[in-house]
Amino acid sequence: MLKSWAGAKTCFVKEQSLYSFAETVLSGPRGADLRIKQLDEFYSAESPQLWKLIIGEDLHYHYGVFTGCDNSLQDGMRHAVRSLYDDIPNGGHILDAGCGWGGPAKMLEAELACTVQGVTLSSAQFNYCRSLGMDVMLGDLESMDLSGHRYDAVLMMESLDHIQHKGELLTVLRSLAPKIILRVNCVASLLATTSSQAGRWHMYMETPEMIQRRLERAGWNLIRWVDRRTETLLTFSLWHARLESVFPDADPPGQLGLLKQLCEYALSDLDRWADANPLMEYVAV
Ligand SMILES: C[S@@+](CC[C@H](N)C(=O)[O-])C[C@H]1O[C@@H](n2cnc3c(N)ncnc32)[C@H](O)[C@@H]1O
């Protein structure tokens, strides 16, 4: 008993020291530059054409939601966005903060007549969105000046996970729009094994309760929150099948290699993975 507690304690200390190392290195002006450069490279190294072979032609880079639709990747991705439509103002001006290659934004424009302004840190995503005719800004949400902007709602579709100072950003967003809609990859516990892998994804994972408190402290009133994770799990086998077929004999490059590892880890015990990794949806006004 004593031995296992000692083991757990060592693990805890190691995990904490990894986090404090990351905090020390990545806070401060030079750390911020490094973080931005790394995140840009992380999302820009592989071409959109290659990403399309894995995540689909519309380049949605979030989990699919597989309820009330058939089981194709494209339908799951579209349903993941449509399942938020009741909360998105029709015809509204929307900030898509962390817009990726514009998958969700293009749907809001086409199906809800919204005007969407996207922000991404990735130069490749920025160029791709521009080629689609999207209104998009290239920059770091954590440092860019958004004070002259006003929106009907802010959407953050699996991008808050990457934000280091979440409370500060949520406070800035509070002054820009009367509503916020978030999907956030969380950890059930900060000591979960997956939290130590989050660094390789440039993610700062928190628990659902921590995100909830941050929203409330930033002045948002939560009207709805739910864990969507169990509805998303089919995404892993669909992504994994495509990764296997595109790279049958070699490890996929860059982030795609990490994605394959994540799929394999999750697929080894989907229930355990789902319990440890809630995908939280929050709507706040
Ligand atoms: C997992 S992708 C999600 C993309 C998109 N929301 C989607 O669902 O298809 C995360 C996105 O957040 C963006 N992002 C992360 N941190 C950012 C930051 N500090 N400033 C701007 N964009 C950021 C990345 O560039 C990337 O586009």
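Strand β7 (residues 279-284) is largely enclosed by the rest of the predicted structure, because 5 of its 6 residues are buried. The model is predicted, and the values below are computed from it. Two strands pair with β7. Strand β6 (residues 222-227) joins β7 in the antiparallel sense over 5 bridges. In that pairing, D227 has M280 of β7 as its bridge partner. Strand β5 also runs antiparallel to β7, through 6 bridges. Here L182 is bridged to Y282, and I181 lies opposite V283. In a regular strand, side chains alternate between the two faces of the sheet.

Strand β5 spans residues 180-185 and is mostly covered, with 5 of its 6 residues buried. Besides β7, strand β5 pairs with β4 (residues 153-157), this time in the parallel sense and over 4 bridges. The chain passes from β4 through helix α7 (residues 166-174) to reach β5, and this β-α-β crossover is right-handed. Within the β4-β5 pairing, V154 stands opposite I180 of β5.

The loop between α7 and β5 holds K179. K179 has 19 other C-beta atoms within 10 Å and is therefore partly exposed, since a buried residue needs 20 or more. K179 touches A153 and V285, leaving aside residues up to four places away in sequence. Y151 is 28 residues from K179 in sequence, yet the C-alpha atoms of the two are 8.8 Å apart in space.

The largest nonpolar core has 63 residues. The residues with the most contacts inside this core are I94, A153, V154, I180 and W239. Strand β4 gives the core its largest share, 5 residues. V154 also illustrates the contacts made in this region. Residues up to four places away in sequence aside, V154 touches L95, A97, L173, L176, A177 and I180. In soluble globular proteins, nonpolar side chains tend to be buried together.

Helices α4 and α5 were examined next. In α5 (103-112), the buried residues include G103, P104, A105, K106, M107 and L108. Among the elements that cover the buried residues of α5 are α4 (73-82), β1 (93-97), β2 and β4. Just after α5, A113 takes a positive phi of about 55 degrees. In α4, the buried residues are L73, G76, M77, R78, A80 and V81. The cover over the buried residues of α4 includes α5 and α11 (234-246). An α-helix has 3.6 residues a turn, so residues three or four places apart point the same way.

The ligand is surrounded by 23 residues. The closest of them are H62, G98, G100, S159 and H162. By class, the shell around the ligand has 10 nonpolar, 10 polar and 3 charged residues. Helix α2 (29-44), helix α5 and strand β2 (115-120) each supply at least two residues of this shell. Helix α5 thus appears in two settings: α5 contributes to the ligand shell, and α5 is part of the cover over the buried residues of α4.

Positive phi values also occur in two loop residues. L59 has a positive phi of about 55 degrees although L59 is not a glycine. L59 is found in the loop between α3 (48-55) and α4. With 21 other C-beta atoms within 10 Å, L59 is buried. H202, likewise not a glycine, has a positive phi near 60 degrees. H202 is found in the loop between α8 (193-197) and α9 (208-217). H202 counts as partly exposed, because 19 C-beta neighbours lie inside 10 Å.

Whole-chain figures complete the description. The protein contains 13 helices and 7 strands. Of its 285 residues, 36% are buried. Among contacts between residues at least 6 apart in sequence, 65% join residues at least 24 apart.

Terms used:
Residues are numbered from 1 along each chain as its sequence is written. This is a predicted model: local features need pLDDT of at least 70, side-chain atom pairs count only at pLDDT 80 or more; totals for chains, interfaces and linings use all residues. A residue is buried if 20 or more other C-beta atoms lie within 10 Å of its own, exposed if 12 or fewer, and partly exposed in between; C-beta atoms are placed from the backbone. Two strands pair if DSSP finds at least two bridges between them. A crossover is right-handed if, with the strands pointing away from the viewer, the path from the first strand over the helix to the second runs clockwise. A residue is near a molecule or strand if its C-beta atom, placed from the backbone, lies within 6 Å of it. Ala, Val, Leu, Ile, Met, Phe, Trp, Tyr, Cys and Pro count as nonpolar, Asp, Glu, Lys and Arg as charged, and the others, Gly among them, as polar. A nonpolar core is a set of buried Ala, Val, Leu, Ile, Met, Phe, Trp, Tyr and Cys residues joined through C-beta atoms within 7 Å. Two residues are in contact if their C-beta atoms, placed from the backbone, lie within 7 Å.
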